[in-house]
Amino acid sequence: MAIIDLTDSDFENFRKLIYDRSGISLNDSKKELLRTRLRSRLEREGYPSFRAYLDEVRNDTSGMELVLLLDAISTNLTSFYRENGHFQFIKSVVPALAEKKKKSSDQTFRIWSAGCSSGEEPYTLAFVMLEALGDAASHWDVKILGTDLSTDILRRAMDGRYEIEKMKDLPPHVRDRYFRRETGDIQTKSGKILKNRELSRIVPEIREMVTFRRLNLMESFPFKHQFDFIFCRNVMIYFDKPTQGVLVNKFYNFIREGGYLLIGHSESLTGLKNNFKYVQPTVYQK
Ligand SMILES: C[S@@+](CC[C@H](N)C(=O)[O-])C[C@H]1O[C@@H](n2cnc3c(N)ncnc32)[C@H](O)[C@@H]1O
């Protein structure tokens with residue numbers, strides 16, 4: 001089989017297409033990543049060149065090829081309780097927020113994990129909300145939305161099954177309360193199917209609190225309501241400043257008065273024109 005190569009001009013064209021459609025800005029060091037992540041698939045499917053594949057993506061009116069391309073280049077690294085300070089922050093503000101909501105007969109909490117990857121972040125939000133609301137949790141209507149660009153990763157998030165390895169740093173009470181042991185097959189991040197593995201599955205009570213859907217953050221947001229908290233962590237890092245600026249202002253419009261935006265620990269709103277109040281590093285309030 002002929003080995004096809006990614007020329008500099010192919011890379012430029014891919015870079016432009018990916019930026020225009022997803023906001024993801026690939027620097028020169030990502031050329032190798034694009035080459036390695038795409039080459040075997042292109043060769044398997046008989047594309048004579050990267051250029052031919054690029055044409056296919058551009059001409060595919062269904063948009064499916066673009067989804068597959070973006071699946072191949074996104075970095076989905078995540079974990080339960082990642083950057084735990086944010087979850088502690090939620091626990092610290094929810095009781096007072098709940099008191100305030102009760103006064104206006106609002107029994108809802110709406111939370112959005114934007115760029116949720118394989119679901120660990122929205123599921124952790126569900127655990128933390130139940131704990132923050134304590135005995136009163138059953139009186140509250142708590143809904144968490146997880147969205148991502150990658151359909152592949154969302155399938156795994158919805159399934160809610162994780163390798164035991166992912167559980168090892170979780171507090172025992174979280175493992176016991178929110179997961180059930182199962183044996184079954186699981187697909188790894190690299191697409192390999194592991195047979196008959198011991199897995200941990202999120203319990204139905206938590207799965208019911210979390211909804212997943214595909215959403216490209218570059219597109220307009222289709223929501224009819226606003227959120228109390230938006231988590232958009234370790235996503236904007238892939239976007240350039242102008243794209244981040246537009247996104248942050250879109251988030252502002254979808255946060256309830258007094259609600260919060262939480263971003264990743266290596267991210268900041270510094271230099272982006274916006275109306276948020278700074279609360280503490282990586283936490284902003286409307
Ligand atoms: C590194 S993961 C972060 C996961 C989680 N928020 C966390 O901090 O652990 C970044 C996620 O952002 C998603 N992403 C990148 N660009 C996106 C876009 N334009 N729209 C929606 N999601 C995007 C990727 O698919 C990936 O799953």
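How far does a polar side-chain atom of R82 lie from an oxygen atom of the ligand? Select R82 together with the ligand and check the gap: the two atoms are 2.9 Å apart. Keep in mind as you click around that this is a predicted model.

**Stop 1: around the ligand**

Stay with the ligand and bring up D148. An N or O atom in the side chain of D148 sits 2.6 Å from a ligand oxygen. Now add N234, where an N or O atom of the side chain is 2.8 Å from an oxygen atom of the ligand. How much of the ligand's accessible area does the protein cover? On its own the ligand has 600 Å² of accessible area, and the protein covers 99% of that.

Next, show the whole shell, which holds 21 residues. The closest are N76, T78, G115, D148 and N234. Try colouring the shell by residue type: you should get eight nonpolar, nine polar and four charged residues.

**Stop 2: strand β2 and its neighbours**

Select residues 141-148, which make up strand β2. Is this strand largely enclosed or open? Six of its eight residues are buried, so the rest of the structure largely encloses β2.

Now add residues 108-114, strand β1. β1 and β2 run parallel, and seven bridges join them. For a landmark, pick T108: D141 in β2 stands opposite. Then show residues 120-133, helix α6. Together, β1, α6 and β2 form a β-α-β unit, and that unit is right-handed.

β2 has another partner to look at: strand β6, residues 210-214. These two strands are parallel as well, with five bridges joining them. Here the landmark is L145, which has T211 of β6 opposite.

**Stop 3: just past β2**

Move on to S150, in the loop that runs between β2 and α7 (151-159). Buried or exposed? S150 has a relative accessible area of 2%, so this serine is buried. While S150 is selected, pick S266 too and draw a line between their C-alpha atoms. The line should span 22 Å, for two residues that are 116 apart along the chain.

**Stop 4: two residues with positive phi**

Which backbone angle is worth checking at S105? Look at phi: at S105 its value is near 50°, which is positive, and the residue is not a glycine. You'll find S105 in the loop between α5 (85-103) and β1. With 64% relative accessibility, S105 counts as exposed.

Then jump to N196, in strand β5 (residues 193-202). N196 isn't a glycine either, yet phi is positive here, at about 50°. What about solvent exposure? The relative accessible area of N196 is 62%, so this asparagine is exposed.

**Last stop: helix α10**

Finish by selecting residues 241-253, helix α10, and zoom in on Q244. Relative accessibility is 10% at Q244, so count this glutamine as buried. What does the side chain of Q244 have for company? Show the backbone of M236 and look for the oxygen: a polar atom of the Q244 side chain lies 2.9 Å from that oxygen.

Technical notes
Residues are numbered from 1 along each chain as its sequence is written. This is a predicted model: local features need pLDDT of at least 70, side-chain atom pairs count only at pLDDT 80 or more; totals for chains, interfaces and linings use all residues. Side-chain values use heavy atoms; hydrogens and water are left out. Buried means under 20% relative accessible area, exposed over 50%, partly exposed in between (1.4 Å probe, protein chains only). Helices (H or I, at least four residues) and strands (E, at least two) are DSSP runs, numbered from the N terminus. Two strands pair if DSSP finds at least two bridges between them. A crossover is right-handed if, with the strands pointing away from the viewer, the path from the first strand over the helix to the second runs clockwise. A residue is near a molecule or strand if one of its heavy atoms lies within 4 Å of it. A polar contact is a pair of N or O atoms within 3.5 Å; within protein, one must be able to donate a hydrogen and the other to accept it, and residues adjacent in sequence count only if both atoms are side-chain atoms. Accessible areas come from the Shrake-Rupley method with a 1.4 Å probe; for residues, only the protein chains shown count as cover. Ala, Val, Leu, Ile, Met, Phe, Trp, Tyr, Cys and Pro count as nonpolar, Asp, Glu, Lys and Arg as charged, and the others, Gly among them, as polar.
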